[in-house]
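Could you walk me through this structure in the viewer, one selection at a time? I would like to know what to pick next and what is found there.

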Amino acid sequence: MVLEIERKFLLNDTFLQNTLQTDGVEFKQLNITQFYTQISPVNEIRYRKSDDQFFKTTKFGKGLIRQEHEIKISKKEYEKALKHAIALPISKTRYEFKLNNLPCNIDVYSDWLCDLAVFEIEFLTQNDAKEFVMPEFLAQNILKEITEDERYKNKNLALFGNPNFNFDYKNSLKMIEKLGEFKLFFPSLISTYDGIRMVLFQIYNAVLSQKLNYLKTKDKASLQSLQNEIYKSLFFLKSFKFAIDERICTKFINIFEEISQKMLNLIEQNFLEEYIEAWQTSSNQVNHFYQNRQILEDEIRLFLSSDEFEEILKEWEILLSDSDRFYISKDGQNCLKSSVAYHLRLLCLGALKSFYSMNNYANLYKNLLNLKITLEYFGDIFVLKTDKLVKKIDKVLKEINFILQSNNFAKMKFDSDKFSTFDKNIKKQIKKIQKKIQTKTQKINGKIHKLSRILKVYYTKEI
């Protein structure tokens with residue numbers, strides 16, 4: 001175990017090494033690729049390929065002084081560890097040299113961390129490090145010291161990317177509006193306020209489209225699509241309400257909650273209507289059901305086409321287009337990746353918990369639906385392959401939905417000779433589906449456990 005005492009500086013010129021070479025400084029150049037299998041606020045396990053040599057390094061501590069233990073490993077050990085890497089590997093070219101007999105290096109990063117260059121210098125004692133005065137020819141190429149800035153630690157560069165990036169929110173919205181439905185990709189260090197509103201803005205455009213479609217066609221599938229988009233708006237608002245001004249956030253939550261619930265009630269009644277038609281059930285009770293369903297549908301369509309709803313949508317667009325950040329809350333500046341990781345891990349834990357109480361299908365459905373929605377929008381920012389997990393969750397959701405709708409129909413207990421036959425048949429189907437759900441959730445269980453463990457790295461406060 002060795003004690004690592006070093007200071008780090010951010011460079012404004014990635015070609016500083018050329019200047020040093022001109023001055024006769026001798027360099028050793030190394031091509032480095034490294035990744036991490038363990039990361040915490042005070043320790044890390046790093047694997048590194050340096051040219052044709054491979055190393056495993058364990059580091060403890062933070063800031064100016066850290067303990068480091070490094071061993072040489074085989075290529076096979078390196079490649080085996082790569083399967084368990086957290087975040088993306090880092091690639092950089094290192095230029096090693098000596099300055100006043102002190103070991104130095106310039107790291108010029110590449111790939112997704114291009115334009116980042118860091119100068120490091122190692123010292124024998126802490127006192128030497130504190131008293132070090134930067135030579136003028138180096139000082140003119142340095143932007144700032146980053147020894148104590150945790151964002152520039154290699155582990156955090158792997159997790160969150162380059163802290164020095166410019167993000168144009170207004171242009172991003174223009175791109176979303178132009179391209180419509182496409183997979184959003186977020187800069188690692190975008191704020192929660194901006195990131196969540198980008199998602200909500202894309203959903204907002206889908207709401208406008210689906211609203212027009214439903215009002216024109218009165219189609220049940222369009223209603224379902226519209227309700228899905230409004231529910232997603234509500235879900236993300238509730239999940240990340242800490243990022244937006246509390247007053248305006250609460251206002252829209254209440255509005256979306258009311259309309260989403262009414263639409264959901266109508267969708268459920270549409271399902272029941274299909275059951276009634278399939279079983280050709282007829283009675284005064286059925287007629288009463290049809291009347292209530294029609295009243296609810298008329299009420300929803302009237303609201304969607306009203307001036308009141310148009311005004312709501314205009315106000316909603318103002319919030320989502322707020323490039324001056326007028327409605328940002330105190331915590332809205334928090335890193336999106338950290339906020340999503342924390343929220344997504346809670347959803348993972350909620351889903352795992354609901355697996356152990358399989359009789360509560362409504363709760364299981366809600367937990368899996370919310371997990372699926374979040375993974376669809378944010379799974380990619382953690383460089384995790386979640387597409388297969390989303391598809392598996394989607395299949396389970398469809399089967400759970402069948403059980404829920406069948407149970408709703410059974411609760412109505414229509415006065416009909418055919419109802420008892422339906423009741424027996426549907427119960428047999430439900431039992432078969434329950435076994436399928438049990439099997440599928442067991443397979444999903446392990447994947448969600450693994451996802452939960454990885455996510456914890458991204459929101460530890462000290463990182």
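## First stop: a salt bridge between helices

Select E273 and K220: these two residues form a salt bridge, and their closest N and O atoms are 2.8 Å apart. Keep in mind along the way that this is a predicted model. Now show the helices around the pair. E273 sits in helix α9 (residues 246–279) and K220 in helix α8 (residues 220–239), so to speak two distant parts of the chain, 53 residues apart, that the pair links.

Color by accessibility and look at the two partners again. Is E273 buried or exposed? E273 counts as buried, at 9% relative accessibility. K220, on the other hand, is partly exposed, with a relative accessible area of 36%.

## Along helix α9

Stay with helix α9 and select K251 together with E315. Their side chains meet in a salt bridge, at 2.3 Å from N to O. Here K251 belongs to helix α9 and E315 to helix α11 (residues 307–320), and the pair links distant parts of the chain, 64 residues apart. Both ends of this bridge are partly exposed: E315 at 34% relative accessibility, and K251 with a relative accessible area of 35%.

Next, pick K262 and E299. This is another salt bridge between side chains, with an N to O distance of 2.5 Å. Because E299 lies in helix α10 (residues 284–304) and K262 in helix α9, the pair ties together parts that are 37 residues apart in sequence. E299 is partly exposed, with a relative accessible area of 37%, and K262 also counts as partly exposed, at 26%.

Which residues are joined into one network by salt bridges that share partners? Select K218, K220, E273, R293 and E297 to see them together; E273 and K220 are the pair from the first stop. If you would like to go on hunting for such contacts, the structure holds 24 salt bridges.

## The cysteines

Now turn to the cysteines. How many disulfides does a search of the whole structure find? The search finds 0. Select C114 and draw a distance to C335, which holds the closest cysteine sulfur: the two sulfurs are 19 Å apart, and therefore too far for a bond. A disulfide would call for sulfur atoms within 2.5 Å. While C114 is selected, note that this residue is partly exposed, with a relative accessible area of 42%.

Then move to C249, which is in no disulfide either; its nearest cysteine sulfur is that of C335, 20 Å away. C249 is buried, with a relative accessible area of 2%.

## Two patches on the surface

Switch on the surface and select K385, K388, K391, K392, K395, K443, K447, K450 and R453. Together these residues form a positive surface patch. Which helices each supply at least two residues of the positive patch? They are α14 (387–412) and α15 (417–459). For a closer look at one member, center on K443, whose place is in helix α15. K443 is exposed, with a relative accessible area of 57%.

For a patch of another kind, select L88, W112 and V383. These three form a nonpolar patch on the surface, with about 230 Å² of accessible area together. V383 is found in the loop between α13 (361–378) and α14, and is partly exposed, with a relative accessible area of 42%.

## Last stops: two buried residues

Go back to helix α15 and select T441, which is found in this helix. T441 counts as buried, at 3% relative accessibility. Add K411 and draw a line between the C-alpha atoms: the two residues are 30 apart along the chain, and their C-alpha atoms are separated by 27 Å.

Finally, select N162. Where is its place? N162 is in the loop between α5 (154–160) and α6 (169–179). Although in a loop, N162 counts as buried, at 15% relative accessibility. To end the tour, draw one more line, from the C-alpha atom of N162 to that of Q438: the two are separated by 43 Å, and lie 276 residues apart along the chain.

Technical notes:
Residues are numbered from 1 along each chain as its sequence is written. This is a predicted model: local features need pLDDT of at least 70, side-chain atom pairs count only at pLDDT 80 or more; totals for chains, interfaces and linings use all residues. Side-chain values use heavy atoms; hydrogens and water are left out. Buried means under 20% relative accessible area, exposed over 50%, partly exposed in between (1.4 Å probe, protein chains only). Patches are made of residues with over 30% relative accessible area and no salt bridge: like charges are joined within 9 Å, nonpolar side chains (Val, Leu, Ile, Met, Phe, Trp, Tyr) within 5 Å. Accessible areas come from the Shrake-Rupley method with a 1.4 Å probe; for residues, only the protein chains shown count as cover. A salt bridge is a side-chain nitrogen of Lys or Arg within 4 Å of a carboxyl oxygen of Asp or Glu. Lys and Arg count as positive and Asp and Glu as negative; His and the chain ends are not counted. The place of a charge is taken as NZ of Lys, CZ of Arg, CG of Asp or CD of Glu. Helices (H or I, at least four residues) and strands (E, at least two) are DSSP runs, numbered from the N terminus.
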